[in-house]
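Notebook open, structure loaded. I'll jot down what I look up as I go.

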Amino acid sequence: MAEAVANVARRVNATVEDRKDTLDLSNCKLISFPDGVFKVLRSVSENIRVITLADNEMKAITSKFFSTFTQLRELDLRGNVLTKLPDTVGEMEHLTCINLAYNNFSVFPDKLTEIATLERINLEGNSITEIPVEKLSGMPALKWLNVKSNPLDSNTQSALQSPHNFETES
């Protein structure tokens, strides 16, 4: 456990000291985004564009995360145990790519459809049965949606096969 904490501290300090625009906390055994990290990153949170939290054990991500990292462009949460996202995700004005593959979503995170800048959504390997294809078709920037390895119902599969403005992998 101490090693995992030291690993997180090293990576966070490197982001602050080098004024990087990325934060990589993948494979850190995190069950949530560490509260102390918000304080350490307070001075640079506006500069952070890319956060990777892949391959942890995160059960939830808080609205504080999204209200802190308002300039985020890319968020990688693949390989966790998330079942939902907070409503504040819909307020991300700059997010272009979100990777939620291999989590525990059983319902499509509907608030994603409110992000006008979102270009890529990866939900591969979850337990989602229905996709709001009509809402997704209304997203101006969406170019790619991956819903492979989900138990999609027949209506959703049919809707995904009809023409729309984004590429689908299902």
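In which loop does serine 149 lie? I find serine 149 between strand E6 (144-146) and helix H5 (154-161). Worth remembering throughout: this is a predicted model.

**Positive phi**

I looked at serine 149 for its backbone. Its phi is near 60°, a positive value in a residue other than glycine. Serine 149 is exposed, with a relative accessible area of 53%.

Lysine 29 went on the list too: not a glycine, yet its phi is positive at about 60°. I place lysine 29 in the loop between E1 and helix H2 (35-41). Lysine 29 comes out as exposed, at 62% relative accessible area.

**The sheet**

Next I traced the strands. I get an open sheet of seven, in the order E1-E2-E3-E4-E5-E6-E7, with parallel pairing. Strand E1 (22-24) and strand E7 (167-169) are the edges, each pairing on one side only. On average, neighbouring strands of this sheet are turned by 5° against each other, direction ignored.

I then checked the pairing at the E1 edge. E1 and strand E2 (residues 50-52) run parallel and are joined by three bridges. In that pair, aspartate 24 stands opposite threonine 52 in E2.

**Asparagine 80**

Is asparagine 80 buried or exposed? I have it as buried, because its relative accessible area is 4%, under the 20% cut-off. The residue is found in the loop between strand E3 (74-76) and strand E4 (97-99).

I followed its side chain to see what it meets. A polar atom of that side chain lies 2.9 Å from the backbone oxygen of leucine 53. The side chain of asparagine 80 also reaches the backbone oxygen of leucine 77, at 2.9 Å. Setting aside residues up to four places away in sequence, I list these contacts of asparagine 80: Leu53, Ala54, Asp55, Asn56, Glu57, Met58, Tyr102 and Asn103.

**Asparagine 13**

Another asparagine, looked up for contrast. Asparagine 13 lies in helix H1 (residues 2-17). I note it as partly exposed, with a relative accessible area of 35%. From asparagine 13 to leucine 41 I count 28 residues in sequence, and the C-alpha to C-alpha distance is 8.6 Å.

**Lysine 135**

Lysine 135 lies in helix H4 (residues 133-137). Its relative accessibility is 44%, so I log lysine 135 as partly exposed. Which residues does lysine 135 contact, leaving aside its neighbours within four places in sequence? I find Asp110 and Thr113. For lysine 135 and aspartate 110, 25 residues apart along the chain, the C-alpha atoms are separated by 8.7 Å.

**Cysteines**

How many disulfides does the structure hold? Zero. A disulfide is a covalent bond between the sulfur atoms of two cysteines, and I wanted to know why cysteine 28 has no such partner. The closest cysteine sulfur, in cysteine 97, is 20 Å from that of cysteine 28, so the two are too far apart for a bond. Cysteine 97 is likewise in no disulfide, its nearest cysteine sulfur being that of cysteine 28. I also checked the exposure of cysteine 28: at 3% relative accessibility, it counts as buried.

Technical notes
Residues numbered from 1 in each chain as written. Predicted model: local features only at pLDDT ≥ 70, side-chain atom pairs only at ≥ 80, totals over all residues. Heavy atoms only, no water. Pairing = 2+ DSSP bridges. Helix = DSSP H or I, 4+ residues; strand = E, 2+ residues; numbered from the N terminus. Axes fitted to C-alpha atoms, helices over the stretch in contact; angles between N-to-C directions. Buried < 20%, exposed > 50% of the residue type's maximum accessible area, 1.4 Å probe, protein only. Polar contact = N/O pair within 3.5 Å; in protein donor to acceptor, adjacent residues only side chain to side chain. Contact = heavy atoms within 4.5 Å. Disulfide = S-S within 2.5 Å.
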